[in-house]
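These are my notebook entries on a structure that I looked up piece by piece. Each entry records one thing that I checked.

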There are 2 protein chains.
Amino acid sequence: MTVQIIKGHIVDAPAFGKLAITENGFLILENGRIEGVFAELPETYRNAPVTDYADKLILPSFADLHMHAPQYAMLGTGMDLPLLDWLNTYTFKTEAAFKDTAYAREVYRALAKEMIDNGTTRVCAFSSLHRESTMILMEEFEKAGMTGYVGKVNMDRNSGDVLTETTEESMRETTAWLDEASDQFEHIKPVLTPRFTPTCSNELMAFLGKLAEERNLPVQSHLSENTSEIAWVRELHPDCAQYWESYKKYGLFNERTVMAHCVHSDERERTAMRENGVWVAHCPDSNINLVSGVAPVRKMVNEGVRVTLGSDIAGGALLAMPQVVTSAIRASKMKRIQTDWTDDFLTVAEAFYLGTTAGAKFFGTNGGFAKGDTLHAIVVDDSAFPTSAQKLSVTERFERAIYLMTKRDIAAVYSDGRKVK
Amino acid sequence: MTVQIIKGHIVDAPAFGKLAITENGFLILENGRIEGVFAELPETYRNAPVTDYADKLILPSFADLHMHAPQYAMLGTGMDLPLLDWLNTYTFKTEAAFKDTAYAREVYRALAKEMIDNGTTRVCAFSSLHRESTMILMEEFEKAGMTGYVGKVNMDRNSGDVLTETTEESMRETTAWLDEASDQFEHIKPVLTPRFTPTCSNELMAFLGKLAEERNLPVQSHLSENTSEIAWVRELHPDCAQYWESYKKYGLFNERTVMAHCVHSDERERTAMRENGVWVAHCPDSNINLVSGVAPVRKMVNEGVRVTLGSDIAGGALLAMPQVVTSAIRASKMKRIQTDWTDDFLTVAEAFYLGTTAGAKFFGTNGGFAKGDTLHAIVVDDSAFPTSAQKLSVTERFERAIYLMTKRDIAAVYSDGRKVK
């Protein structure tokens with residue numbers, strides 16, 4: 001049996017709004033799996049080697065449940081444009097460039113490093129529609145130490161001139177990609193990725209739903225991001241009372257589905273998400289940048305909908321998940337203002353849970369530092385932060401770190417038990 | 001005559017929403033003052049030495065028109081607390097610690113360096129109520145290369161136990177500080193700083209108004225940040241129909257006054273600001289973090305009120321002004337959502353103007369790279385940003401830089417003609 005021990009101030013997020021703090025605690029792994037967090041080192045382990053992070057903070061690492069990997073190339077550009085102009089001026093052209101595998105290699109290698117450096121170890125990512133570049137993204141994520149899912153995008157209609165595929169191509173390439181990708185990487189697996197209802201024909205949706213069932217695959221897409229998109233889906237699917245039903249009818253709306261945004265999901269749609277076990281990827285920065293609206297996150301959580309966080313680069317301009325966590329807090333405070341100080345905002349502990357444990361659960365783990373999971377953690381060195389007037393508690397240091405940390409302050413990153421930074 | 005020439009892609013912000021772009025341009029200074037920006041090097045200057053920043057961007061530096069310097073020590077802490085608890089748990093205790101001049105020296109030195117590193121060269125700052133530490137703040141700002149104003153805070157009532165002064169102390173210390181500080185530093189001058197109406201007795205306000213007139217001093221304070229504060233002022237000054245009148249009646253509301261926040265300023269209050277030439281320091285991140293509301297910035301600008309930006313640390317958790325600029329954009333997009341997509345949001349060019357030229361004008365300059373001004377500029381190296389799919393224009397690179405730049409990407413900083421980074 002291999003034992004690993006990591007020592008420091010351990011801050012876990014076992015449940016929404018709950019923090020479990022162990023000052024100068026010991027995080028013990030047996031054969032790569034978490035045995036537990038202990039305030040005192042149990043006698044059994046007294047001869048095992050200890051990695052001592054001293055006064056640093058040890059936190060669960062982040063999970064980014066929605067992002068468009070090729071759009072990393074256009075991070076922070078075109079943010080003054082409305083959604084459709086933004087898509088046509090930048091997004092589709094940028095994604096089209098990923099036909100070039102050398103370019104894909106360069107961008108995806110930089111992206112993977114940046115994510116690990118910023119403490120993201122789990123991801124559910126859109127690639128572009130290109131099969132080869134999708135494989136490159138999976139490979140670069142794997143090499144950098146990431147875990148999670150990557151999806152070749154499907155889009156056979158309403159996709160503009162530069163970035164589209166025929167229904168037949170989309171089906172053929174998806175099958176070929178799945179055959180190649182399913183067992184190729186240890187930590188990165190495929191996820192079916194219909195871009196969103198308007199860009200996928202009924203035939204393609206039916207095909208993907210069938211694939212999901214036959215191969216037992218997860219699914220990711222977009223839902224109710226903005227009002228004109230919702231109206232468009234209503235025109236395309238007059239048989240569906242609501243947007244979500246355009247996924248449901250093809251078997252693409254279940255407990256292995258991540259739906260990004262859900263900004264305008266009303267009570268009926270939220271109920272459908274809860275009853276179908278769908279995961280919401282809340283993307284606060286993207287929703288503000290594209291002036292989509294503010295998702296009713298507090299309501300979703302209260303109602304029992306599974307909410308996680310996504311950077312949604314490059315609608316979101318923030319790749320670093322600590323910034324996405326504070327963006328979720330800020331958006332929730334905006335929601336409180338918007339509802340005339342009625343809806344509660346998200347506390348730091350609550351938003352941190354959404355960005356870590358909540359997202360981790362999608363990947364079939366218990367999340368945080370739960371017994372039996374492999375270690376996904378970051379080590380935060382907050383010594384470069386301003387000198388406080390009073391000595392801060394570990395809880396206060398944790399809260400401050402969420403607001404202030406940059407990759408410079410993340411001293412170490414563990415992913416699936418491996419030290420990857 | 002001394003001539004300095006700086007070469008690069010020059011992006012100026014001469015007016016609200018306007019960018020003046022000169023690719024591979026020459027910024028020429030004569031005896032430290034800007035002569036102009038030229039696309040070709042005029043014959044007259046062909047023998048003068050050129051500092052060539054090659055492919056980098058040269059932009060006006062930032063002006064932070066509202067911030068609490070001692071609160072840098074508590075940046076990012078206590079953000080879950082409502083305003084009054086936040087003040088009592090952290091803020092007043094933190095400021096009280098600045099009685100200790102050695103601690104003040106440590107924090108203010110770090111703050112000044114961090115501001116210059118992030119491209120802020122002009123500031124209008126609150127110190128604490130302590131005279132000696134206020135002098136230290138001025139000295140550290142001066143040494144680091146900052147320019148602008150610092151104010152010893154006045155607060156003789158409703159200020160809690162740990163941080164207060166009697167009316168007599170406040171008047172005596174303010175006079176002593178002004179005698180000492182007025183000619184002590186070349187670039188940092190005093191500004192009168194009644195904390196806000198609730199913490200200043202009528203006697204103190206009258207004294208400060210008289211001082212402002214006699215010594216021709218600028219004034220900074222807070223206005224209409226949140227609704228309970230506004231109600232409190234109404235109780236304290238039943239003779240005033242609106243909050244701003246509690247400043248006006250003492251001569252503290254004129255064209256040399258900066259009022260922070262103005263979140264809940266209605267048309268009548270906005271008209272009073274415009275007619276009195278008052279400067280608004282819009283502090284978007286603070287207003288969101290403390291759930292104060294979203295200021296009607298677009299309305300103010302349209303009506304001709306002078307709007308500038310402030311970090312308002314530590315109600316704001318962002319000291320770096322590029323982040324305050326994007327925070328203003330995001331807040332304006334929230335305002336657009338809140339007004340059912342009626343109010344326009346701030347474009348990058350508009351928000352950049354507020355964070356640079358608009359603030360610079362408060363200090364009596366024309367702002368940007370106007371002829372006759374001394375140089376306040378940053379040089380941005382965007383080579384570490386993701387590799388774009390298409391070649392970006394200088395305008396696109398500028399917009400991306402506003403969203404993505406950190407101090408790492410700011411290669412050089414000029415303040416009042418001196419290279420300070």
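**Entry 1: a serine and its surroundings.** I began with A:S221, whose side chain reaches the backbone oxygen of A:P194 at 2.7 Å. A second backbone oxygen, that of A:R195, lies 3.1 Å from a polar atom of the A:S221 side chain. I use the term polar contact for a pair of N or O atoms within 3.5 Å; within protein, one must be able to donate a hydrogen and the other to accept it, and residues adjacent in sequence count only if both atoms are side-chain atoms.

I then placed A:S221 in strand β11 of chain A, residues 219-223. Helices (H or I, at least four residues) and strands (E, at least two) are DSSP runs, numbered from the N terminus.

Is A:S221 buried or exposed? I found A:S221 buried, with a relative accessible area of 0%. Buried means under 20% relative accessible area, exposed over 50%, and partly exposed in between (1.4 Å probe, protein chains only).

I listed what A:S221 is in contact with, leaving aside neighbours within four places in sequence: A:F126, A:P194, A:R195, A:F196, A:Y247, A:V258, A:M259 and A:A260. Contact here means heavy atoms within 4.5 Å. I also looked up A:T271, which is 50 residues from A:S221 in sequence and 18 Å away in space, C-alpha to C-alpha.

**Entry 2: how to read the model.** I note that this is a predicted model, in which local features need pLDDT of at least 70 and side-chain atom pairs count only at pLDDT 80 or more, while totals for chains, interfaces and linings use all residues. Residues are numbered from 1 along each chain as its sequence is written, chains are lettered from A and ligands numbered from 1 in the order in which they are written, and side-chain values use heavy atoms, with hydrogens and water left out.

**Entry 3: strand β16 and its partners.** I next turned to strand β16 of chain A, residues 410-415, where 5 of the 6 residues are buried. Strand β15(A), residues 377-380, pairs with β16(A) in the antiparallel sense over 4 bridges. Two strands pair if DSSP finds at least two bridges between them. In this pairing, A:I378 stands opposite A:V413.

Strand β17(A), residues 418-419, also runs antiparallel to β16(A), and 2 bridges join them. Here A:Y414 stands opposite A:K419. The hairpin of β16(A) and β17(A) has 2 residues between the strands, and A:D416 takes a positive phi near 50°.

**Entry 4: salt bridges.** Side chains of opposite charge can pair when their charged atoms come close. A salt bridge is a side-chain nitrogen of Lys or Arg within 4 Å of a carboxyl oxygen of Asp or Glu. How many salt bridges does a search of the whole structure find? The search finds 54 over all chains.

I looked at several of them:

- A:R46 and A:E43 meet at 2.8 Å, N to O, and both are exposed.
- A:D382 and A:R400 meet at 3.5 Å, N to O. A:D382 is in the loop between β15 and α14 of chain A, and A:R400 is in helix α14, 18 residues apart. Both are buried.
- B:K407 and B:E114 meet at 3.0 Å, N to O. B:K407 lies in the loop between α14 and β16 of chain B and B:E114 in helix α2, so the pair ties together parts that are 293 residues apart in sequence. B:K407 is partly exposed at 25%, and B:E114 is partly exposed at 22%.

I also recorded a network of salt bridges that links A:R105, A:R109, A:E139, A:E140 and A:K143.

**Entry 5: the interface of chain A and chain B.** Finally, I checked where the two chains meet: 51 residues of chain A are in contact with 51 residues of chain B. The chains bury about 4,300 Å² between them, 59% of it on carbon and sulfur atoms. Buried area is the accessible area (1.4 Å probe) that two parts lose on being put together, summed over both. In chain A, A:D80, A:V291 and A:M334 lose the most area to chain B, together 15% of what that side buries.

The rule finds 2 salt bridges across this interface. I looked up the salt bridge of A:D285 and B:R330, at 2.7 Å, N to O. There are also 22 residue pairs in polar contact across the interface, both residues at pLDDT 80 or more.

Which helix gives the most to the side of chain A that touches chain B? It is α11(A), with 7 residues.
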